[in-house]
Amino acid sequence: MNYWLLKSEPGTYSIDHLRQYPEQRDHWDGVRNYQARNFIRDRMKIGELCFFYHSNCSCPGIVGIVKIVSTPYPDFTAFDPDDVHFDPKSQPDNPRWYMVDVHFQRKLKRTISLQELKQYRELEEMPLVKRGNRLSVMPVATHEWQFILSLESA
DNA sequence: GCCAACGTTGGC
DNA sequence: GCCAACGTTGGC
């Protein structure tokens with residue numbers, strides 16, 4: 001059982017956007033990085049939990065939890081010339097990019113900011129807190145997951 | 001809005 | 001296969 005962290009820019013797609021979808025469920029499209037793609041395509045499983053992280057905003061940090069509710073499948077937005085995530089190199093018979101469906105679980109009682117996450121030695125191995133990190137999908141170790149949840153009520 | 005850090009592209 | 005140029009990410 002893996003845990004994950006998913007980044008999204010709240011100006012484009014926040015956790016409240018997901019929450020407003022029918023059944024509070026949506027596909028996680030637009031990942032266009034190979035390392036992130038490999039995590040999705042090769043390792044994500046139905047039922048696994050992910051932190052929802054807001055990036056590139058006034059207070060970057062973890063804001064909630066979502067659950068993976070589909071197996072990985074080709075990201076169809078790559079096939080659509082009118083989509084911002086269109087990639088002509090991805091073809092339906094040989095897809096380059098993958099996604100999963102996620103289901104809103106809950107928001108955290110408070111945003112656990114990047115600034116705070118950087119303070120703890122328990123989390124210093126997370127790619128998220130390392131300098132220059134740009135990975136938008138990353139695994140979270142079980143002890144990191146539990147530690148971060150323990151901060152929620154602190 | 002700035003800009004450092006990073007991943008990708010493509011000429012050679 | 002190298003690496004400079006380029007575009008993007010994302011904190012600040």
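In the side chain of lysine 7, an N or O atom lies 3.0 Å from a phosphate oxygen of DNA strand C. This is a predicted model, in which local features need pLDDT of at least 70 and side-chain atom pairs count only at pLDDT 80 or more, while totals for chains, interfaces and linings use all residues. Residues are numbered from 1 along each chain as its sequence is written, chains are lettered from A and ligands numbered from 1 in the order in which they are written, and side-chain values use heavy atoms, with hydrogens and water left out.

**DNA strand C**

A residue is near a strand if one of its heavy atoms lies within 4 Å of it. By this criterion, the residues around DNA strand C are Lys7, Tyr53, Ser55, Asn56, Pro60, Leu114, Lys118, Asn133 and Arg134. Of the atoms of this strand that come within 4 Å of the protein, 75% belong to sugar and phosphate. The nearby protein surface divides into three nonpolar, three polar and three charged residues. In this classification, Ala, Val, Leu, Ile, Met, Phe, Trp, Tyr, Cys and Pro count as nonpolar, Asp, Glu, Lys and Arg as charged, and the others, Gly among them, as polar.

Lysine 118 is placed in the loop between α3 and β8; helices (H or I, at least four residues) and strands (E, at least two) are DSSP runs, numbered from the N terminus. With a relative accessibility of 52%, lysine 118 counts as exposed. Here buried means under 20% relative accessible area, exposed over 50%, and partly exposed in between (1.4 Å probe, protein chains only). Lysine 118 and leucine 128 are ten residues apart along the chain, and 8.8 Å separates their C-alpha atoms.

**DNA strand B**

Around DNA strand B are Asn33, Tyr34, Lys89, Arg131, Gly132 and Arg134. Sugar or phosphate supplies 71% of the atoms of strand B within 4 Å of the protein, and bases supply the rest. One nonpolar, two polar and three charged residues make up the surface near this strand.

The table lists distances from polar side-chain atoms to phosphate oxygens.

| Residue | DNA strand | Distance |
|---|---|---|
| Tyrosine 53 | C | 2.7 Å |
| Lysine 118 | C | 3.3 Å |
| Lysine 89 | B | 3.3 Å |
| Arginine 131 | B | 2.3 Å |

**The interior**

A nonpolar core is a set of buried Ala, Val, Leu, Ile, Met, Phe, Trp, Tyr and Cys residues joined through side-chain atoms within 4.5 Å. The largest such core has 42 residues, and Leu5, Leu117 and Val137 have the most contacts inside it. Strand β4 (residues 61–68) contributes the largest share of this core, five residues. Beyond its neighbours within four places in sequence, leucine 117 is in contact (heavy atoms within 4.5 Å) with Ile62, Ile112, Leu123, Leu128, Val129, Ile148 and Leu151.

Helix α4 (residues 142–151) has Glu144, Trp145, Phe147, Ile148 and Leu151 as its buried residues. Seen down the axis of α4, these residues fall within an arc of 170 degrees and so line one face of the helix; the arc is that of the directions from the helix axis to the C-beta atoms. Among the elements covering them are β1 (3–8), β3 (49–54) and β8 (137–140).

Glutamate 152 lies in the segment after α4 and is buried, with a relative accessible area of 7%. The side chains of glutamate 152 and arginine 106 are joined by a polar contact of 2.8 Å. A polar contact is a pair of N or O atoms within 3.5 Å; within protein, one must be able to donate a hydrogen and the other to accept it, and residues adjacent in sequence count only if both atoms are side-chain atoms.
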